[in-house]
2 protein chains.
Amino acid sequence: MAGAFGLKGCQKIRGPQIRSLLEAKDFFLFDCDGVLWHGEQAISGAAQVVSTLIRRGKNVVFVTNNSTRPRENYVHKFCRLGFTDVMLEQIFSSSYCSALYLRDVVKVRGQVFVIGCDGLRTELQDAGVPCVEEAADEPDATIYDCALAPDVKAVLVGYDDKMTFLKLAKASCYLRDPQCLFLATDNDPWHPLSSGRILPGSGSLTAALEVASGRKVTVIGKPSRFMFECISSQFRGVDPAQCLMVGDRLETDMLFGSNCGLDTMLTLTGVSQIEEAQEYRNSELTTNHSFVPDYVVDTIADFLPAFEELDEQSN
Amino acid sequence: MAGAFGLKGCQKIRGPQIRSLLEAKDFFLFDCDGVLWHGEQAISGAAQVVSTLIRRGKNVVFVTNNSTRPRENYVHKFCRLGFTDVMLEQIFSSSYCSALYLRDVVKVRGQVFVIGCDGLRTELQDAGVPCVEEAADEPDATIYDCALAPDVKAVLVGYDDKMTFLKLAKASCYLRDPQCLFLATDNDPWHPLSSGRILPGSGSLTAALEVASGRKVTVIGKPSRFMFECISSQFRGVDPAQCLMVGDRLETDMLFGSNCGLDTMLTLTGVSQIEEAQEYRNSELTTNHSFVPDYVVDTIADFLPAFEELDEQSN
């Protein structure tokens, strides 16, 4: 966890230090929203940073807790926002990793009840994991009289902007069976909107189910290590010491890096502020130190001058 | 908390001991569902117990976390199920007490955003507490474009079988204002249905909002003391030492009694089993001891032989 180029903890770095970091690391993991873009608006310079890293022979992957779209759509989104050289294999979303977990780790036999958006269901189907059909219930169906599928072996909760009481109640009923697995794509509590409003995240919906079921969820996405295991299984020879995790959220991205033994970088274009990171650093509770980034930049566009320095150096 | 007639803790009592308890106590607080009835089915003998207590000059009140119907409807329900001598003044529901809290304790100035059933809204309106109109949103409105009321000073969460993502998102947005109060009628995690299915309770919906807002809710209903304060303010001279709280749920009813300094009785016609009470009693964690009832009966109909004994005694 100790940063290679200074004492651990919120080190704000610039050109020369970023250059050293670029030389030292082979593998760059980027969170997406808040790091590369906000919604449909790319962060200025981000696309150039990503394509320069790839051109320089670095491994670049994208690690996102957003479970709402299948990876296919991510490729389109990257392209649409100017990240033109990103391929499917570089994208590790919490929905994709959830599908791998269900298929390859727990080898689920039976259907999965999904609280989530269509993209999550698509990932499961692409991986051959059967899901309960999205409610064909009558509009006035209730938990008193609706049908429950007989062979549900897992409940998987992701972000769901069509969440209803009936879905929550059905999931609670399925979870009464201790053999039924209880998984969440991620545990993000909320997401910011540009209007200043917020969206409740999967972590919010999951908390409701944890209380109703009296059970504890297993989280697939960041900060759980499983997403790094997915990456390691698809990119042979990944060495954590050679990786840099770049994200905007201390409680997911930085903790994920910390959990996986990666150096971490906070970019200030998203959710978390440097003051929060400093509070964690100064906390007497040592578990809080796992939220502290090794490095801090204002934006990943701060990589660009470092690339120029490298070019000058090599000329 | 020590039972007056034996060592504290899960004492299963019968005729003679119940008789002594009836002689010793002036004030009986009953939870409703699981104690007096299951849904629309009265528990055999319960109506007779209640009317006998009243006829014998005991004070009897009903303390329910169910916020779905106004007290008026409770009177009708009592009557319909054979409890013919119950009056409005005896009913302390979490919705009624929430209205008193908002009006008299925090003296809310502005509107209340309610997640809950119509009965909750009715109680607030009866108390003169203005609520945000139930969504007149277009069916496809989202948190991106819906209207938010400008003067929301409290979010109140109760059981809501019409819960939607939009309601959750709106409440999360209101709660970003630290001046906006965050209240729950109760914290019940789930409710049993006769089919073996369960309903997520207010506690489940509240947990979702706690995560999305990063705030902690204030609970009005049991096990909070506030419902007992409502009773004390309306029945002058209530002495906790003279009270018996009868309920079916350790984590709400027994803890409520314990929090208010009342003797407690668990009846086994509802949610909690005697084994759970014994586990709490045997726990090394002393906070768990607050869940332990002083007395246990199979059903409150076990009071009936005690009444007969008293009658024989007085003849």
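This is a chat about a predicted model with a chain A and a chain B.

Student: Where do I start? How many residues of chain B are in contact with chain A?

Tutor: On chain B, 33 residues are in contact with 33 residues of chain A.

Student: And how much area do the two chains bury between them?

Tutor: About 2,700 Å², with 68% of that on carbon and sulfur atoms. In chain B, the residues that lose the most area to chain A are B:F165, B:R197 and B:I198, and together they make up 27% of what that side buries.

Student: Which elements of chain B give two or more residues to that side?

Tutor: Those are α6 (165–174), β11 (198–200) and α7 (202–213) of chain B. The largest share comes from α7(B), with eight residues.

Student: What's the mix by class there?

Tutor: The side of chain B that touches chain A has 22 nonpolar, five polar and six charged residues.

Student: OK, with charged residues there, how many salt bridges cross between chain B and chain A?

Tutor: The rule finds zero salt bridges across that interface. Polar contacts do turn up, though: 10 residue pairs between chain B and chain A, both residues at pLDDT 80 or more.

Student: How do the copies relate? What rotation superposes chain B on chain A?

Tutor: A rotation of 180°, with 0.0 Å of shift along its axis, puts chain B on chain A at an RMSD of 0.0 Å. That's the relation of a two-fold axis.

Student: Why do you say the copies meet through the same surface?

Tutor: Because 100% of the interface residues of chain B are also interface residues in chain A.

Student: Switching to one chain now. Which domains does chain A have?

Tutor: The domain assignment gives domain 1 (8–65 + 223–308) and domain 2 (96–219). Their centres, taken over C-alpha atoms, are separated by 29 Å. The contact takes nine residues from domain 1 of chain A and 12 residues from domain 2 of chain A.

Student: How much area is buried between those two domains?

Tutor: About 920 Å², and carbon and sulfur atoms give 61% of it. On the domain 1 side of chain A, A:N65, A:F226 and A:R249 supply 52% of the area buried against domain 2, more than any other three residues.

Student: How many salt bridges and polar contacts link the domains?

Tutor: Zero salt bridges by the rule, and four residue pairs in polar contact, both residues at pLDDT 80 or more. Helix α8 (residues 226–234) of chain A gives the most to the domain 1 side, with four residues. By class, that side has four nonpolar, four polar and one charged residues.

Student: So where are salt bridges, and how many are there over all chains?

Tutor: A search of the whole structure finds 26 over all chains. One pair is A:E40 and A:K77, whose side chains meet at 3.8 Å, N to O. A:E40 sits in the loop between β3 (37–38) and β4 (41–42) of chain A and A:K77 in helix α3 (residues 71–80) of chain A, so the pair ties together parts that are 37 residues apart in sequence.

Student: Any odd backbone spots? Which peptide bond in chain A is cis?

Tutor: The one from A:K222 to A:P223, with omega near 10°. A:P223 is in the loop between β12 (218–219) and α8 of chain A. In chain B, the bond from B:K222 to B:P223 is cis too, with omega near 10°.

Student: And what's the phi of A:K107?

Tutor: Near 45°, a positive value in a residue other than glycine. Most residues other than glycine have a negative phi. A:K107 lies in the loop between α4 (94–105) and β7 (111–115) of chain A.

Conventions
Residues numbered from 1 in each chain as written. Chains lettered and ligands numbered in written order. Predicted model: local features only at pLDDT ≥ 70, side-chain atom pairs only at ≥ 80, totals over all residues. Heavy atoms only, no water. Contact = heavy atoms within 4.5 Å. Buried area = accessible area lost by both parts, 1.4 Å probe. Salt bridge = Lys/Arg side-chain N within 4 Å of Asp/Glu carboxyl O. Polar contact = N/O pair within 3.5 Å; in protein donor to acceptor, adjacent residues only side chain to side chain. Nonpolar A, V, L, I, M, F, W, Y, C, P; charged D, E, K, R; others polar. Domains from an automatic or database assignment. Least-squares fit on C-alpha atoms with pLDDT ≥ 70 in both.
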